[in-house]
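Reader: Could you take a close look at one part of this model for me? I'd like the contacts and pairings spelled out.

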Amino acid sequence: LEFRRVLFRSVALTAPTALPIVKVTGGLKIQWIDNSINETGFKVQRFDLATGSWIDVATKNQTSSIQSSNWNPLTQSLKVDYSASVGTTITVIDSTLDHGQPLAGNYQYRVIATDLVGTRGMGQFPTITSKSDPSNTVYVTI
């Protein structure tokens, strides 16, 4: 029986800056500014008044490398950072329902940067996801 101790270290993520929300055909246009140098994705959350908690309404992950590791498994050298550049404005449309009903009323949104730490697809090597603090909260009335 062999026990292994694995330590993960991640560069601290900087919270995104959420921008004003705009109603568009099909939902709400949520935008934010990327403030981190090493994120691999984002979570968009909406505050649910019924439960008193934040719920995930959208995630945005790496595009070209979504199925591949950030690490080259042969040489273990870091590949290109596929995250968006710092200062980039990122957009997602929230077309989810609110307890089975179309969005209507007052809502609060925030965005969290995420970073997958570890190597995917390498057998028993574990991975974890680190998170930034939430962005500023943006309020919208529909």
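Leaving aside its neighbours within four places in sequence, which residues is K23 in contact with?

Author: Keep in mind that this is a predicted model. Once neighbours within four places in sequence are set aside, K23 touches L28 and I142. K23 itself belongs to strand β2, which covers residues 22–24. K23 has a relative accessible area of 59%, so this residue counts as exposed, the cut-off being over 50%. There's also a long-range relation here: K23 and T141 sit 118 residues apart in sequence, yet their C-alpha atoms are 9.3 Å apart in space.

Now for the charged pairs. Side chains of opposite charge can pair when their charged atoms come close. The count of salt bridges comes to two. One joins D56 to K43, with 3.5 Å between the closest N and O atoms. Because D56 is in strand β5 (residues 53–61) and K43 is in strand β4, this bridge ties together parts that are 13 residues apart in sequence. Both ends are partly exposed: D56 has a relative accessible area of 44%, and K43 comes in at 22%.

The other bridge runs between D94 and R46, and its closest N and O atoms are 2.9 Å apart. This pair links distant parts of the chain, with D94 in strand β6 (residues 89–94) and R46 in strand β4, 48 residues apart. D94 and R46 are both buried.

On to the rings. A pair of aromatic rings is described by the distance of the centres and the angle of the planes. The tally of aromatic pairs is two. W32 and F42 make a tilted one, at 5.3 Å centre to centre and with 55 degrees between the planes. Since W32 is in strand β3 (residues 27–33) and F42 is in strand β4 (residues 41–48), the pair ties together parts that are ten residues apart in sequence. W32 is buried, and so is F42.

F47 and W54 form the edge-to-face pair, with centres 5.4 Å apart and planes at 70 degrees. F47 has 21% relative accessibility, so it counts as partly exposed, given that buried means under 20%. W54, at 23%, is partly exposed too.

If you want a strand to follow through these pairings, try β4: K43 lies there, R46 does as well, and so does F42.

How values were computed. Residues numbered from 1 in each chain as written. Predicted model: local features only at pLDDT ≥ 70, side-chain atom pairs only at ≥ 80, totals over all residues. Heavy atoms only, no water. Phe/Tyr/Trp six-rings, centres within 6.5 Å; stacked < 30°, edge-to-face > 60°. Helix = DSSP H or I, 4+ residues; strand = E, 2+ residues; numbered from the N terminus. Buried < 20%, exposed > 50% of the residue type's maximum accessible area, 1.4 Å probe, protein only. Contact = heavy atoms within 4.5 Å. Salt bridge = Lys/Arg side-chain N within 4 Å of Asp/Glu carboxyl O.
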